[in-house]
Amino acid sequence: MYIIQLPANNFDNERFRNSEWGPEAAASLCEKIRHIKAPFGLTMGDLIDKTSKDTISKVMLEEKLFETWYHGRTVLIGDACHKMLPSAGQGAINAMQDATVLANCINDIKSLTRSNITAALKDYQDQRFQYAKTQFETSKRFAVIMGGQTWPDAVVKLC
Ligand SMILES: Cc1cc2nc3c(=O)[nH]c(=O)nc-3n(C[C@H](O)[C@H](O)[C@H](O)COP(=O)(O)OP(=O)(O)OC[C@H]3O[C@@H](n4cnc5c(N)ncnc54)[C@H](O)[C@@H]3O)c2cc1C
């Protein structure tokens with residue numbers, strides 16, 4: 001996996017939301033990175049040429065930790081409330097943990113009144129938020145170590 005870090009304000013437009021996901025985007029990214037050195041005296045271009053085109057994807061990664069996870073009878077789990085960078089491999093496990101805790105909180109509801117439902121959803125967020133926040137921050141740190149591109153990131157890698 002080759003990771004390029006974009007400035008935080010680089011994705012807030014229609015072009016990013018649409019064309020940047022298509023196969024053309026993967027092809028143009030491949031052209032940009034062909035010259036980069038790979039192990040055994042090869043370049044990324046050599047590896048790309050040996051790889052079937054339909055197995056190459058350009059994936060946009062973004063991170064966001066929301067503080068509101070429920071409203072009324074609506075509740076968020078998984079990436080919908082805490083999308084983490086995949087560097088630490090924590091996204092799917094946290095989504096499954098959310099599902100388990102939420103199922104238990106719903107199962108504990110004695111009678112389906114609005115206040116009981118709100119209390120159950122609050123209980124779910126209270127149990128999950130801090131843990132998800134910790135994993136979110138860990139994922140961010142791993143992302144810097146694996147793919148940070150800026151000068152301060154390079155210092156972090158050396159430490
Ligand atoms: C490149 C990459 C590598 C990753 N590697 C790892 C890893 O190694 N380990 C790990 O734990 N996690 C990893 N993750 C993160 C993991 O994939 C996610 O955290 C996890 O899939 C989140 O699950 P989710 O159910 O919350 O969301 P999703 O898996 O995104 O599921 C949401 C579903 O809702 C559907 N949907 C969206 N909008 C609508 C709509 N309007 N109507 C109906 N359906 C809709 C989507 O099509 C999708 O099927 C990785 C992610 C990426 C991008």
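**View 1. The place of A103 is helix α4.** The helices of this predicted model are DSSP runs of H or I with at least four residues, whereas strands are runs of E with at least two, and both are numbered from the N terminus. A103 is partly exposed, its relative accessible area being 44%; that class lies between buried, under 20%, and exposed, over 50%, as computed with a 1.4 Å probe and protein chains only. Between the C-alpha atoms of A103 and A120 the distance is 9.8 Å, although 17 residues separate the two along the chain. Residues are numbered from 1 along each chain as its sequence is written, and side-chain values rest on heavy atoms, with hydrogens and water left out. Since the model is predicted, local features need a pLDDT of at least 70 and side-chain atom pairs count only at pLDDT 80 or more, while totals for chains, interfaces and linings use all residues.

**View 2. I106 also belongs to helix α4.** With a relative accessible area of 44%, I106 is partly exposed. The residue to compare in this view is A119, which is 13 residues from I106 in sequence and 9.7 Å from I106 in space, C-alpha to C-alpha.

**View 3. The whole chain combines 6 helices and 4 strands.** Followed from the N terminus, the elements come in the order α-α-α-β-β-β-β-α-α-α. The chain has 159 residues, of which 30% count as buried.

**View 4. Helix α2 contains A26.** A26 is buried, with a relative accessible area of 8%. A separation of 9.1 Å is found between the C-alpha atoms of A26 and K53, two residues that stand 27 residues apart along the chain.

**View 5. F40 occupies the loop between α2 (23-33) and α3 (44-49).** Most residues other than glycine have a negative phi. F40, which is not a glycine, nevertheless has a positive phi of about 60°. F40 is exposed, and its relative accessible area is 82%.

**View 6. W69, Y124 and F129 form one aromatic cluster.** The search of the whole structure finds 2 aromatic pairs, where rings of Phe, Tyr and Trp (its six-membered ring) pair if their centres lie within 6.5 Å, and planes under 30 degrees apart count as stacked, over 60 as edge-to-face and the rest as tilted. The planes of the W69 and Y124 rings meet at 50° and their centres are 5.7 Å apart, so this pair is tilted. Distant parts of the chain are linked by the pair, with W69 in the loop between β1 (64-65) and β2 (70-71) and Y124 in helix α5 (residues 114-147), 55 residues apart. Both W69 and Y124 are buried. W69 also forms a tilted aromatic pair with F129, at 5.7 Å centre to centre and 55° between the planes. F129 belongs to helix α5 and W69 to the loop between β1 and β2, so this pair ties together parts that are 60 residues apart in sequence. F129, like W69, is buried.

**View 7. The largest nonpolar core holds 15 residues.** A nonpolar core is here a set of buried Ala, Val, Leu, Ile, Met, Phe, Trp, Tyr and Cys residues joined through side-chain atoms within 4.5 Å. The members that touch the most other members are L65, W69, C105 and Y124. At least two residues of this core come from each of α4 (91-107) and α5, and α5 gives the most, with 7 residues. In soluble globular proteins, nonpolar side chains tend to be buried together.

**View 8. The shell around the ligand includes G89, G91 and A92.** The other residues that surround the ligand are L61, G78, D79, P86, Q90, I93 and A95, a residue being counted if one of its heavy atoms lies within 4 Å. By class the shell divides into 5 nonpolar, 4 polar and 1 charged, where Ala, Val, Leu, Ile, Met, Phe, Trp, Tyr, Cys and Pro count as nonpolar, Asp, Glu, Lys and Arg as charged, and the others, Gly among them, as polar. A polar backbone atom of A92 is 2.9 Å from an oxygen atom of the ligand, while a backbone N or O atom of G89 lies 3.2 Å from a ligand oxygen atom and a backbone N or O atom of G91 lies 3.4 Å from a ligand oxygen atom. Taken alone the ligand exposes 990 Å², of which the protein buries 33%, with areas from the Shrake-Rupley method and a 1.4 Å probe.

Key:
Polar contact = N/O pair within 3.5 Å; in protein donor to acceptor, adjacent residues only side chain to side chain.
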